[in-house]
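Hello,

Here is the structure you asked to see. Have a look at it first, and then read on for a short tour of what turned up.

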Amino acid sequence: MTKRLRLTQILVYLFLTIAAFFCLLPILMAIMNSFKTNGELLTDVMALPKGLSFDNYIRTFNKMHYMRSLLNTVILSGLSVTLMVLFSALAGWRLCRTKTKLSAFILGLFIFSMLIPFSSIMIPLYKVVLALGIKNSLVGLSFIYAGLGVSMAIFLYHGFVKGIPIELEEAAAIDGCNAFQTFFLVVLPMLKPVTITIVITNVLWIWNDFLLPLIVISDNKKYTLLLSTNTLFGQYSSDWTAILSALILAALPVIIFYSFFQKQILEGISEGSLKG
Amino acid sequence: MKNFKANASLMLFVTPALIVYFIFKLMPAVSGLYYAMTDWNGINKTFVFVGLSNFIEVLKDSYFWDSVLFTFKYVIVMVFVTNVIALLLAVVIENLHRAKGLFRTLFYMPNMISMIIGGYMWMFIFTKVMYYLADNWGWTFLDKSWIGDPKYAFIAIIVVATWGAVGYLMIIYMAALQGVPAALKEAALLDGANPWQQFWHVIFPMIRHAVTICVFWTLNSGFQVFDVIYSLTGGGPGRATQSTAMNIFEEAFRGNVRYGYATAKSTVLFAIVLVITIIQIRAMQKKEQEA
Amino acid sequence: MKKFLVLSLIVCLVLSLVACSNDAVSDPTETTEVGSTESPRVAELNIMMSIPQYMDQWDTYVKQFEAKMLAEENIKVKVNLEMPSSDQYESVLQARLTGGDAPDLYTLHSNNIATYDKAGNLTDLSAEPLADKIYDNVRETVSIEGRLLGVPLESQAWGVLYNKEIFAAAGVEIPKTLDDLKNITEVLKEKGYTPFMLAYQEQWVPQLMTALTLGGKVSGEIPDWVDRMYADNGSYEEVIDIFGPIDLIMANGTDRAMEMGSESGAAEFAMGKAAMFVQGTWASGTIMTTNPDMKLGVFALPVNNNEACTLVNLSTSTTLAVHPDAKEMDLALKFANYVLDDQDSAGLFQACSFNPLATVHNYEPASWVADASAFVAEGKAYKDLVLPSAVTDEQGKLLQEYYVKTITKEDFVKRMDEVFKSSNK
């Protein structure tokens with residue numbers, strides 16, 4: 001019995017290792033080949049690079065204006081998510097606690113649009129952007145992301161608030177808190193688990209989003225990482241070494257962020273989506 | 001009166017969200033619907049209101065329905081493949097004694113990376129590495145037309161999309177599995193159930209809500225699939241792997257740039273997705289309640 | 001968990017502060033640079049181009065323009081040069097145009113000039129100094145009824161690229177008829193060469209075969225075909241000859257065509273993987289960087305055995321247009337003229353390896369350009385057919401399908417006729 005158990009154990013680990021290898025294969029291949037010269041890459045994609053030369057990286061790092069693009073992306077996703085969390089926590093909480101026809105209507109209004117494909121609002125949205133004069137503005141773009149993202153966030157908050165007892169809020173009211181104080185002092189701290197979920201999924205979305213910034217941002221000083229990467233692809237379309245090193249550079253911040261906060265990220269994703 | 005007061009305080013809290021939502025989502029969506037009833041080509045300054053004729057044309061547009069068919073095929077395969085793999089990984093990893101965290105971390109990794117970037121990485125695999133292995137290591141089973149043959153291109157697309165999605169679903173399943181009381185599992189084992197029966201009869205009913213969420217997520221993202229296909233096959237050869245979202249994009253920005261018509265198409269897509277989502281949620285909820 | 005939340009909130013707040021103050025801070029530092037007696041007028045010019053592969057060259061050129069304007073006109077111009085990758089270029093441009101936020105100058109394909117002109121997006125440049133500098137045959141490709149509507153940037157005579165060393169080693173000459181081409185193909189195969197490089201991953205590459213064969217066939221034998229097609233009074237049945245060379249090329253090309261991108265194809269062609277490549281001279285950049293010793297030549301693709309149909313294509317792809325709504329029209333025109341500047345233009349065109357197309361381009365053209373120009377000089381050239389872009393796109397798609405054998409010639413004819421009809425609406 002134990003022998004068989006051990007054998008299955010080994011098989012399980014073997015299976016997982018192979019699967020994990022497959023999972024990391026594209027990233028590993030990209031890393032390995034990004035250190036080669038273009039000639040090396042074309043002759044043998046599986047060989048190890050001859051030396052650990054960072055030439056490709058230095059070249060793409062400068063071409064992408066890496067630090068500037070990175071900062072832009074951080075600003076954009078940070079601000080967008082802050083706005084989104086604030087707006088939708090306020091709304092989601094109140095929508096759940098108010099039991100009127102109006103609240104049901106508003107909730108429905110938010111939720112039904114979750115399925116609208118982005119392509120159908122793209123050009124009208126751009127007209128709005130111009131009318132408001134927020135083209136090339138990262139702050140403006142953050143508000144757009146907030147607008148596009150509140151539906152899902154409100155949906156999650158609404159579901160989460162349902163699960164927390166109302167007594168605490170009532171107690172706060174008795175203690176003389178007004179609604180806003182109750183929200184910031186009592187409710188918001190309790191929403192922490194689902195807030196983490198919302199922060200993570202939306203940071204990932206905005207970080208990796210491409211079409212919207214492509215249209216709203218035309219000034220390359222305000223380019224996000226993905227936009228800079230994309231421009232680089234256009235410039236070096238035949239040079240896989242440049243492309244691969246750019247891919248790695250673009251993915252690097254996410255991977256670092258992930259390795260630091262993986263526990264919170266994984267818990268955040270699972271908790272929020274199951275309760276929402 | 002009580003209602004009025006409640007509503008007033010509600011509005012106070014909802015207004016910020018409502019404003020950004022209204023300006024950046026609802027208004028564009030509604031004006032998009034208006035364009036769907038015009039013959040606007042996206043460049044001209046003038047256009048004519050044409051009523052429902054765009055919608056009638058959509059019904060007869062065989063390329064559009066081909067793309068809908070392809071998307072359905074994609075969604076069905078994706079729902080099964082990703083959920084089965086994700087659930088399998090979740091169950092296996094959840095039962096590990098060692099290296100649980102390591103595997104969880106590794107499998108989730110691809111989900112963090114943009115599909116555009118992932119797509120390029122896979123493109124490198126499919127157009128360079130595969131053939132290298134086939135030619136130099138004698139792995140001839142890899143010598144397939146991964147982009148050019150519609151059959152294999154479909155497989156390639158599924159592989160890449162699964163790669164990107166499985167981690168996310170796996171995390172949700174793992175969380176649900178953790179919620180299954182250990183006592184229940186032990187009781188089943190004591191009753192003489194084999195692991196398979198234990199999973200099917202004890203664990204699976206307990207994680208049904210996670211299945212609902214994951215299926216909903218795969219359905220919804222599947223119907224809007226764009227990035228993976230765009231970066232891998234561009235919808236080709238010809239239109240063999242063109243998804244509905246791509247068909248719409250092409251109508252709006254390529255060729256005759258019929259923006260109005262493209263918007264009509266995307267309205268139809270929206271309607272299809274809406275109906276299917278409602279059916280799915282109803283059906284799954286019913287199942288959950290029965291269980 | 002708490003730490004994480006607090007930390008991320010702080011980061012967000014700090015960053016948003018930075019974001020808000022950014023714009024305010026950056027302005028004063030810029031104005032302090034100016035120290036001249038009369039402070040210059042400040043102006044901005046937005047330019048959008050579809051050629052990111054020449055980003056560096058144009059960045060430099062724009063800087064030169066800014067310096068020139070400051071020195072000569074005392075205008076401090078800030079040029080915003082935007083170059084989305086060519087995949088997204090059209091959607092971005094379209095969003096800008098529809099939003100009433102057109103760039104002051106932008107590039108387009110000369111085949112789209114009529115559409116953009118009709119929509120009121122082009123400025124007539126006939127009266128500008130640049131107009132007289134452009135060679136007549138090029139000028140024709142960017143004009144409508146005598147009105148010059150753009151500054152041509154990439155203009156070329158093109159046909160089939162071939163590797164002169166392989167041709168010499170196999171002892172074959174460039175073909176004049178389809179039979180010649182068949183012969184060459186056989187000889188090359190006997191000597192162990194792959195005749196054609198196929199790179200069909202991107203739809204515009206197979207499309208080049210229809211561009212060449214249709215152009216040759218129509219110009220040589222049925223000159224009224226295009227007009228009749230526009231009048232719903234023609235069919236692809238009449239030009240079925242085009243499949244002569246297309247079938248030959250597809251049957252005698254490199255493997256894995258659908259997995260080969262245009263750039264990788266050019267690189268492999270440069271390394272001698274195949275003897276011929278149906279690709280424009282614009283690929284020469286990649287080819288020559290991959291293999292600087294490459295002996296590159298150009299010949300006209302024969303369509304059938306009628307030599308009158310064996311012609312090179314004379315076309316202008318990238319064209320720089322001035323939008324009529326340009327806020328700084330005067331400056332926009334100055335830039336357009338500067339592109340064909342007497343002193344600086346030649347350097348720019350040479351740096352981008354564009355072909356000479358104006359009198360100011362007094363540099364020696366590359367050998368393959370000379371090859372193609374020889375055809376033009378003999379009158380063996382035609383002006384690129386102007387087809388609706390939906391038709392051009394469809395040709396590319398259907399050729400991909402034809403290559404993977406999901407459609408037949410008959411399907412091709414039938415579907416192309418339909419698409420042409422529907423874009424006439």
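One term is needed from the start: two residues are in contact if their C-beta atoms, placed from the backbone, lie within 7 Å. Helices (H or I, at least four residues) and strands (E, at least two) are DSSP runs, numbered from the N terminus.

Before the details, please note that this is a predicted model, in which local features need pLDDT of at least 70 and side-chain atom pairs count only at pLDDT 80 or more, while totals for chains, interfaces and linings use all residues. Residues are numbered from 1 along each chain as its sequence is written, and chains are lettered from A and ligands numbered from 1 in the order in which they are written.

Let me begin with a helix of chain C. The 15 residues of α16(C), residues 389–403, should span 21 Å at 1.5 Å a residue (the expected span is 1.5 Å times one less than the number of residues), and the end C-alpha atoms are indeed 21 Å apart. Of those 15 residues, 11 are buried, so to speak of the helix as mostly covered is fair; a residue is buried if 20 or more other C-beta atoms lie within 10 Å of its own, exposed if 12 or fewer, and partly exposed in between, with C-beta atoms placed from the backbone. Among the buried ones are T392(C), G396(C), L399(C) and Y403(C). What do they pack against? The buried residues of α16(C) pack against α8 (204–220), α10 (243–251) and α17 (409–424) of chain C. Just after the helix, K405(C) has a positive phi of about 65 degrees.

Chain C also has sheets, where two strands pair if DSSP finds at least two bridges between them. One is an open, mixed sheet of five strands in the order β2-β1-β3-β13-β6. Its edges are β2 (75–82) and β6 (151–152), each with a single partner strand, so one side of each has no neighbour in the sheet. Inside this sheet, β1(C) (41–48) and β3(C) (105–109) run parallel and are joined by two bridges, with I47(C) opposite L105(C). Another open, mixed sheet has four strands, ordered β9-β10-β8-β11. There, β8(C) (160–163) and β10(C) (276–278) pair in the antiparallel sense over three bridges, and L161(C) has F277(C) as its bridge partner.

Next, the meeting of chains A and B: 68 residues of chain B are in contact with 64 residues of chain A. On the chain B side, α1(B) gives the most, with 20 residues. That side divides into 50 nonpolar, 15 polar and three charged residues (Ala, Val, Leu, Ile, Met, Phe, Trp, Tyr, Cys and Pro count as nonpolar, Asp, Glu, Lys and Arg as charged, and the others, Gly among them, as polar).

The largest nonpolar core (a set of buried Ala, Val, Leu, Ile, Met, Phe, Trp, Tyr and Cys residues joined through C-beta atoms within 7 Å) has 289 residues, and A336(C) is one of those touching the most other members. The largest share of this core, 17 residues, comes from α6(B). Beyond its neighbours within four places in sequence, A336(C) is in contact with residues including L105(C), L130(C) and V322(C).

Finally, confidence, given as pLDDT (the predictor's confidence in each residue, from 0 to 100). Chain B averages 85, with 97% of the residues at 70 or above, and chain A averages 84, with 95% scoring at least 70. In chain A, α2 (38–43) is lowest at a mean of 72, and α4 (66–97) is highest at 93.

Best wishes
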